[in-house]
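This report is for a reader who has not met this structure before. Please keep the sequence and the model in view while reading.

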Amino acid sequence: MMLLSLLANPAVRPDLFTARRAKPAAKQSRWLRMAEGISLWLAVLLMLFVHPLYAEARQMDMEQPGQLYLMNDQSARQQPALILDSDFRVHVSGLLAETRLTRVFRNTSDQWQEGIFVFPLPDKATVFGLRMTIGEREIVGHIEPKAKARQTYERARQAGQHAATLEQHRPNLFTSRVANIPPGESVQVEIRYQQPVAYKHGEFELRLPATLTPRYMPGEPLAETQGPWQSGWALATTEVADAHEISPFTVRPKDVDGGSHRARIGIEIESGLALADVSSPSHRLYTELDGARATVRTEQEKVLMDRDVIVRWRPVAGSEPKAAVFHQTWQGEDYLMAMVLPPETVGPMLRRELVFVIDTSGSMAGDSIAQARSALLKGLETLRPGDSFNVIQFNSQAHALFAQPVPAEGHYLARARRYVQDLRANGGTEMAGALSLALGMDSVPGGERVRQVVFITDGAVGNESALFNQIRSGLTDRRLFTVGIGSAPNMHFLREAARWGRGEFTAIHSGAEVDRALNRLFAAMEAPVLTNLDVRWPDQGQPLEPVPARPGDLFRGTPLVQVVRGLPAAGQLQVSGQLPGGRRWSTSLDLAQAAPASGLNRHWARGRIDELTDAARLQGQTPDEQQITELSVRHSVISPFTSFVVVEQRQARPETESAGSQSIPTLLPAGSQPGMLRYPQTATFAPLFTALGLLGLMFSLAIAMLNRRSSL
């Protein structure tokens, strides 16, 4: 604009206009001056118009990659055509919980639709059933190798048949596709899965994931990832090859129909122990207690699917289990599950070197970063004289407060507290750099210390496998403990990172949970209760293939749980280990006292698949796909190489009718900031580009006219 003003001013360039004044064409001169003025004024107006468009485009690019609403022929905004209803029916028996998760996909449009829904399940879930219901008709699904299942589903979709498929992307992340949902009608899909019930510190816990935090996808984008199975906001990258399949759109509750993304919750608990109470840090519950049984539901008939549902129950004081054994016969084979709690003992207090790593990426904005700061400050309070510590914060980059761990003394601690209180959340989630910094940090000289890393994060990353490899290879003599943050953390990452790091994990659902969760974690961090575990089942002269094959150290309040195949309920199970200070401890279980159970074969198969995958990772090899597929098909449990598919044989959609496809979003986790919204990219920057083009034309016209004047 300044350049044009200078060019238009004769006082600045008198030589430019001398020839012009000498010409007698006054009429032409007036027309040119008028055109120049109009052009310049149009340019100014366009600049004022472009600025808000540019600001809006930048906000869209930074926070909201598009708009949720579909566009009709008149470019009016419409809500998504598919409404999602969910129903969780859970039956808990002993240490296993079996869930019937029913999804209803209701099509409110006047066009046939395909529904695509990416959703979380518990990180240790074993999916073993898929059923589709259309009207009064029920069709049962079966397992096929993943590529074949996709072909089966795609043929049915194109042929106009009702069909559904279920795929596993991560142990806790799945995609369900439902083809040819008729206009104005519904298709119901039932998923059956089981999960182990967590037991720690005398309390059982069940977690039902309902949504997920958008994951950070590191690496360079791969150009050609678009295809019929593209369903997310992200592109595949060099580090997350399936990023386009694990990135569901994330929206606010107000962006979907008022009856969509709600769930009914019903839980029946048969614990085998007299129960003292049932509680939840996530939802208000209605509970009926009857000795060892409990019937539980949420006070609201339907709850919003914007946070995990967490239910806890405690046995009556004095009746907490010290050991338990369960037995099942399936297809002529015996399966046994044993649980043994280590003794409550405290070893000598050892000097520690604690490195606290806190996630300050954009996904932690809101309640999560406040919880993370509280957790880290709580951790600083546990330091004792003689300990050393450091603090690392990471987002797009990692930064350490000190060059190396410093003594846990007043001025260092005061500086650390100020540093932590000033932390804010923004940027990417580059965990690899933070792990490298934490695991490669030099120790403080002067006496031996137990070296521990406390990793505080929501785990919202897509490259979990690479991070597990990094932890395993870089851990050396350290132990890694994870603290999960937020209303929908990535529990698979948190649990597995702690397992590979030979440590423990905990999850904080709300600010009120910080003290409770961390007191238990830091008590466990003082030292393992039982090391060098030796588990001996009765010798039957055949390999038992126990799961897990090699139990790790046991921490205070955490039991050993192991499952074996091919062993009848007879004889004694011997468990022994080393207590703090070097003393030996042992106990035995009478297997003849095993309680009847179901689902042990599926639990064993899922664990065996995990063992095969881990073994391949340790050796830097590709998992044995054939063996894993055989296990999956035989026990009818989903795996990374298999999927469930169900097809109704008759044609439903007429050949004259076309079908659309819609990715159903998940809800923004409660407590998250709007910056984590991920909307479908239906809007574009076209208005901005059009305005920029017009602006360029106006500038070009003005300059051309000035050049014409200078040549006259």
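What follows describes two groups of paired strands, a helix and a single residue in a predicted model.

**An open sheet**

Four strands form an open sheet in the order 12-13-20-16, and their pairing is antiparallel. At the edges lie strand 12 (198-200) and strand 16 (275-279), each of which pairs on one side only. From one strand to the next, the twist averages 20°. Within this sheet, strand 13 (residues 203-208) and strand 20 (residues 309-315) are antiparallel and are joined by five bridges. One point to find along this pair is R207, which stands opposite I310 in strand 20.

**A parallel pair**

Strands of a sheet can pair through backbone hydrogen bonds in a parallel or an antiparallel way. Strand 28 (residues 479-485) pairs with strand 29 in the parallel sense, over four bridges. Here I485 stands opposite I508 in strand 29. Between the two strands, the chain passes from strand 28 through helix 9 (residues 491-500) to strand 29, a β-α-β crossover that is right-handed.

In a regular strand, side chains alternate between the two faces of the sheet. In strand 29 (residues 505-508), F505 and A507 point one way, while T506 and I508 point the other way. All four of these residues are buried.

The two strand pairs are set out below.

| Strand pair | Sense | Bridges | Opposite residues |
|---|---|---|---|
| strand 13 and strand 20 | antiparallel | five bridges | R207 and I310 |
| strand 28 and strand 29 | parallel | four bridges | I485 and I508 |

**A residue in helix 8**

E464 belongs to helix 8 (residues 464-474). Is E464 buried or exposed? Its relative accessibility is 2%, so E464 counts as buried. The side chain of E464 makes a polar contact with the side chain of N490, at 3.0 Å. Leaving aside residues up to four places away in sequence, E464 touches R170, R215, N490, H492 and F493.

**Helix 11**

Helix 11 covers residues 600-618, which is 19 residues. From its first C-alpha to its last, helix 11 reaches 27 Å, close to the 27 Å expected at 1.5 Å a residue. How many of the 19 residues of helix 11 are buried? The number is 15, and helix 11 is thus mostly covered. After helix 11 comes G620, which has a positive phi near 65°.

Notes:
Residues numbered from 1 in each chain as written. Predicted model: local features only at pLDDT ≥ 70, side-chain atom pairs only at ≥ 80, totals over all residues. Heavy atoms only, no water. Expected span 1.5 Å × (residues − 1). Buried < 20%, exposed > 50% of the residue type's maximum accessible area, 1.4 Å probe, protein only. Polar contact = N/O pair within 3.5 Å; in protein donor to acceptor, adjacent residues only side chain to side chain. Contact = heavy atoms within 4.5 Å. Pairing = 2+ DSSP bridges. Axes fitted to C-alpha atoms, helices over the stretch in contact; angles between N-to-C directions. Right-handed = clockwise from strand over helix to strand, strands pointing away.
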